[in-house]
Amino acid sequence: FLSRLRTSAGRVAAVLGRMPKGQTHVYGRVDLILATSEAVAERVRAETHRVAGRTRVFPNPIDWSRHASAAAARPPAPVDAPLTIGYVGRIHPEKGLGLLLAACAHLASTRPDLPLWRLELVGPWTIPQGGGGDAYHAALLAEFGSRLSSRLIFVGAEFDADRLAQRYAAMDIFCYPSLADQGETFGISVAEAMAAGSAPVVSSLACFRGLVTTDETGLIFDHTAPAAALALADQLARLLSDATLRQRLGARAQQHVRHFDFPASARAVLSLLEATIATAT
């Protein structure tokens, strides 16, 4: 609609925070399309070729400084403290939590050689808050509660920014096993966990490519494989058993996502807007 008012509206930029599902054909007169990841940009270009040259990826902003500071303030863990595998997000089937719990249950029953560990799930499960509902939460507990016992901790939703940053900082490994190839566009939780120095393990969704590179800034498992839970278990076991690898990936991950910090992201967006103004006719 703004394109019809071009004279009064000036140049028009649209930000796509969701994976496009055919709607980009109406953006033909938009001057700039800002995509939150290369995966979103690729979908835009595939859907609507005429806007391909006006589509750019920008660093989806996170509060890197807050999470890095929380990590720096984390007190040394006692020698006998369990390692924490963490997840932050909606407790919903599309997030692949069944795979994560199955992988952890496999490790609990077959890998007594691993250091002590626990699984902490942070996020809402009620339907009004975007979760899978009380029945889904109960089903997870019914299937995996006895198999994981005290290792499994459901924290619930955490909306306080400082307390959430502290939870990220306390996670030695962050796992985001999402299956939502039509929904995930970037991975805010993954980037925030990386900013806190947690070593990430993610599914092989295209949206995570800009965040996680195998054995460089994290580990990836194939969520489409017939034995996906076992593949995830293998990656988690690698990090649990190798402190050097865990710490190296966490440190590299933290530095890699620094350009998503609010000031850096703002500079990138302003640069894209200035270039659009300068080149538009």
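Student: In this predicted model, what makes strand 2 and strand 3 count as paired?

Tutor: Two strands pair if at least two bridges are found between them, and strand 2 (residues 32-35) and strand 3 are joined over 3 bridges in the parallel sense, so the criterion of at least two bridges is met. One of the partnerships can be named, since Ala35 has Val57 of strand 3 as its bridge partner.

Student: Why are strand 1 and strand 3 called edge strands?

Tutor: The open sheet holds 3 strands in the order 1-2-3, with parallel pairing, and strand 1 (13-16) and strand 3 (55-57) each pair on one side only. From one strand to the next, the twist averages 25°.

Student: How do you know that helix 2 packs on this sheet, and what angle does its direction make with that of strand 3?

Tutor: Contact requires heavy atoms within 4.5 Å, and helix 2 (residues 38-47) touches strand 1, strand 2 and strand 3, while its direction makes about 170° with that of strand 3. Angles over 145 degrees count as roughly antiparallel, so helix 2, at about 170°, is roughly antiparallel to strand 3. Helix 10 (residues 262-279) also lies across strand 1, strand 2 and strand 3, running at about 160° to strand 2.

Student: What makes helix 8 roughly perpendicular to helix 9?

Tutor: Helix 8 (residues 228-241) and helix 9 (residues 243-256) pack at an angle of about 100°, their axes lying 5 Å apart. The range for roughly perpendicular is 65 to 115 degrees, which means that helix 8 is roughly perpendicular to helix 9. On the side of helix 8 the contact is made by Arg238, Leu239, Leu240 and Ser241, and on the side of helix 9 by Ala243, Leu245, Arg246 and Leu249; by class, these residues divide into 5 nonpolar, 1 polar and 2 charged.

Student: What makes Arg246 a lining residue of the second largest pocket, and where does Arg246 lie in relation to its centre?

Tutor: Lining residues have an atom within 4 Å of a pocket point, and Arg246 is among the 22 residues that line the second largest pocket, being one of the closest to its centre together with Arg74, Ala169, Met171 and Asp172. The space in this pocket is about 490 Å³, and helix 9 gives the largest share of the lining, 4 residues.

Student: How many residues of each class line the largest pocket?

Tutor: The lining divides into 12 nonpolar, 10 polar and 10 charged residues, around a volume of about 630 Å³.

Conventions: Residues are numbered from 1 along each chain as its sequence is written. This is a predicted model: local features need pLDDT of at least 70, side-chain atom pairs count only at pLDDT 80 or more; totals for chains, interfaces and linings use all residues. Side-chain values use heavy atoms; hydrogens and water are left out. Axes are lines fitted to C-alpha atoms, for helices over the stretch in contact, and angles run from 0 to 180 degrees between N-to-C directions. Helices (H or I, at least four residues) and strands (E, at least two) are DSSP runs, numbered from the N terminus. Angles under 35 degrees count as roughly parallel, over 145 as roughly antiparallel, 65 to 115 as roughly perpendicular and the rest as oblique. Ala, Val, Leu, Ile, Met, Phe, Trp, Tyr, Cys and Pro count as nonpolar, Asp, Glu, Lys and Arg as charged, and the others, Gly among them, as polar. On a 1 Å grid over the protein atoms alone, a cavity is a set of points where a 1.4 Å probe fits but cannot get out, and a pocket is an open set with protein on both sides within 12 Å along at least five of seven lines; lining residues have an atom within 4 Å of a point. Grid points are joined across faces, edges and corners, and a volume is the space filled by probe spheres set on the points.
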